[in-house]
Structure formats: structure tokens, C-alpha cells
Amino acid sequence: MSDKNKSLKNSAALGHIKFGGYDPETTQNIELIERRNKHFAGSMLFYHDPVHIVRGEGARLYDDKGRCYVDCYNNVQSMGHANPSIARAIADQSTVLNTHTRYLHENVIELAEEVAKTLPGDLEVCLFVCTGTEACELAMRIARVVTGNSGAVVMEGSYHGNSKLVGEMSTATYPKEKRPPYIQAVEPPNTYRGSFLEGEGDDEQLGQRYADLVDPAIEALEGNGEGLAAFVCDTIFDSQGALDAPGDYFTRVYEKVHAAGGLCIADEVQAGVCRTGTFWGFEQYDVVPDIVFTGKPFGGGYPVAAVFTTRAIADEWARSDIYFNTFGGNPVAAAAARAVIHYAKEHNILEHVSSVGEYLVSHLRQLAQKHEVIGHIQGRGLFVGVDLVRDRKTREPAAELARLIPDAMKAEGVLIGLTGPNGNCLKFRPPLVFTEEDVDITLAAFDKVLAELEYR
Ligand SMILES: Cc1ncc(COP(=O)(O)O)c(C=O)c1O
């Protein structure tokens, strides 16, 4: 093996390749990988034989050799890859004007008006930024100013972004021993493999039991002098495997958080903009957060993110803080986000997500009758997690088998990823324009791959 290839193998061993290392002898795009590795640091590539995607359309992606893949992974271009109406809105505005938000411009005002109509209660104030990380950071900053406290209650195994503060709120990304005192993490409400399980006789108590886990976290923050500024939760629990929280879980947690003087922040970077079959993920649970933030799907591929809150909270915060974001909500960003909202409305994306999501789950259930390794199907709308097990009785995670699935599915023409703390949940999170035909192709590939891998 050449020195060059040896170093490629080493970088794979360092974890730069998400689904394991790749073999330089068989990797097709070795020249591109070498050029990339020369100038990139610590960046991950999916698949043992990384794929070179050159074009997208709807829920399909095409590689440099013209091979078509069904996309079961991407949530940013959620109204479809290269969506013509979103691309046109971005192009049209780019040829006229793109500046910061310190001049008056209709686009950003109309975006604020339109998005406010999708939000319940008094959530009508918008702050525009560029990424989910910035949005989470700003939401937390607002909560800290308004409450006078600094602590956050988050989920174990959470991901909210990559700045210093938001990285610390992302408990999935660093060891527990390094957790700062202002971060308290609670067990997510996983009723399939958590502390309290569905089907053990007291299902109506599950919401309460998981919600009660928040009490010691709040007490710890009160005891160590940080106090509770906010409870922050991704409402689809992406990094925990895409969970269905028990019906009253959020209501009960929100009551506790408010009683302790904290604010409730919904991370809608994954669940927002129609993903779960309601415009916002928190609507699935009949709660109204104090602060909501979104990103990824909001601009359909253009980097635009936002924080939404009430006039009372926004004014209280603005009395003692000042915030400016150069690119946030610029006229092109606003045109992109408006085009996403318009597309979703004009094409009844909410109804589409609900019906294709149901189709996906019902066909996954049929596959579960055939494949013992399918332990549990969870999630909402078009965000579905399949928890794979070695044994349905013990529920031991089938992590080794799961690790083989993304590569094997790719070979069958389907791009898909894994999630969950055990790395054993297959994540179905396609662009929202996914069709029943896409489901059929995906599940035929899944069926074939499981038949090949399951009993090896
Ligand atoms: C739930 C959640 N919140 C926040 C973020 C951070 O968004 P960004 O990568 O745009 O900073 C992510 C990104 O994956 C996410 O999944």
C-alpha cells in the first residue's frame, strides 16, 4: 500500500469517516478524497466508498456516474432538491439586492408576518440568524437575560449545535465528566428502552414519570446557584432515535419549568417546517413554548434560521441586550424562507407528510413481521426511527448489524443514516416531497439488505 493510501486509512481510523473506514483499493473517488483530505481537517465523509453527488431533484440524488439514489436522509432541502420555485426566488432576489437587515426591506417583514401566522399563542416576534447553532445560542441568551438565571435542562444524548455554549448543551458530543455545572441533562422519554416502558401496565403514567425526572435537574441548578434559565428540547428527539414522547410529557415538564421560573425552548431545527405532520413539532404535544427556534429546512438549502418568541419576552430581553447578525434575514435569505413557506402551503405538504408518513410506517410494520431484527418503529410524520435489536425479548441493540446497513442500502440505491445513543436506529428522514413510490423503493432495498445481513 502506498504511503498516501496508508495515511487515508489512518484518517479513517481517526473517525473522519462516519460509517467506518473505507478501502483505498476499492474506493472509486480516491482522487477527490485525496484532494479534500489535503485541505480539510477532521471533516467526516459518509460511507466506506464515499459518494460523489452532483445533482438533485425532488427526493432523488444523482452521482457523477449518473446513478440515481432515493434520498432518505436529507432534511435541509425538505421541499425537494433543486426545488425550482425556491431556486427562482433566491436567483430573482440575488439579481436585485442583497444587504444586511439595517435597511428597511419588504421581504424580511413579509417573512416575519407569514411565519408568525404559523405560530400559536403570542409567538409573534422573529429574530433572524443563519444557523441552528446561532439560533439556539440566541434563544438561550434571551432566556438567561429574562430569567436572570444561567442554567439549562437538556436531554441526555442531545445535539443542538457547535458553538461553546451550544456545544455544552449538546450532551451527545462530549463526556459526562466535562459537563459544566449550568448544564443538567435528563433521560429522554424513550418508552421502548428507557427507565419506564410502554405496556407494563401503567401507560397513562409514563408522561408523568419521565417528566418527574426533570425535578432533580432543576433542584441541582437551584442548589449550585445557576438557577433555571431554560428547558431546551428537540421535539422529535433526533439524536435519541426519533422518539414519540408520551402524550402529556411536555405539558408536565413545561409546568415544572415555569414553576421554577424558567422558560421552555423548543428546538425545531429538525422537527419544524412540516416534518412531523404539523408545521411545528411541538404542536404534536399541544404545548406552546416561550421560545422556538428553527434552521435547516427553513430556507430550503439557503442558510437561514430564526428564533421566535413573545413581545413581552423580546422586549424584556432587548432592554438590556443588543444583537446584530450581518447575514441573518437578508433579502435573499428572506426570499428563500418565504418561498419554502409558500411551496409548503401551495402543495399541501402537511397533508402529504401525514399520508406518506403513515404509508411508510404501515409498510415498515409489515416488514417487522418478517424481520425479527426490527424491534420498534418510532417517530412522527416523515421522521421515523427503526430501533434494531439482536433479540426482541432482551431488546439488546443490534449496533453491529446497523452499522452495515447504510453502505448496503447505498449499494441498493438508497441513502440513509443511523441515529440514537446506541447507533442502532435507522433514520428515515427524507425530503418531505418523498412519495409512496420512494417508500416502496426504499423498503424493497431495506427488505433485501436485512435478508442478506440478518442471519450472517
Ligand atoms: C436538533 C438540532 N438542533 C440544532 C442543530 C444545529 O444546527 P446547525 O448545524 O445549522 O448549526 C442541529 C444540527 O444538526 C440539530 O439537529
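Three exercises on helix packing in this structure follow, each with a worked solution.

This is a predicted model, in which local features need pLDDT of at least 70, side-chain atom pairs count only at pLDDT 80 or more, and totals for chains, interfaces and linings use all residues. Residues are numbered from 1 along each chain as its sequence is written, and side-chain values use heavy atoms, without hydrogens and water.

**Exercise 1.** Find the angle between helix α5 and helix α10, and list the residues in contact.

Solution. Helices are DSSP runs of H or I with at least four residues, numbered from the N terminus. Axes are lines fitted to C-alpha atoms over the stretch in contact, with angles from 0 to 180 degrees between N-to-C directions. Helix α5 (residues 132–147) and helix α10 (residues 311–318) have axes 9 Å apart, at an angle of about 80°. Therefore α5 is roughly perpendicular to α10 (65 to 115 degrees). Contact (heavy atoms within 4.5 Å) involves Leu 138, Arg 141, Ile 142, Val 145 and Val 146 of α5, and Ile 313, Glu 316 and Trp 317 of α10.

**Exercise 2.** Compare the expected span of helix α12 with the distance between its end C-alpha atoms.

Solution. The expected span is 1.5 Å times one less than the number of residues. Helix α12 (residues 349–370) has 22 residues, so it should span 32 Å. Its end C-alpha atoms are 31 Å apart, which agrees.

**Exercise 3.** Name buried residues of α12 and what covers them.

Solution. Buried means under 20% relative accessible area, with a 1.4 Å probe and protein chains only. Among the buried residues of α12 are Ile 349, Val 353, Tyr 359 and Leu 364. Their cover includes α11 and α14 (436–453).

Conventions. Helices (H or I, at least four residues) and strands (E, at least two) are DSSP runs, numbered from the N terminus. Buried means under 20% relative accessible area, exposed over 50%, partly exposed in between (1.4 Å probe, protein chains only). Angles under 35 degrees count as roughly parallel, over 145 as roughly antiparallel, 65 to 115 as roughly perpendicular and the rest as oblique.
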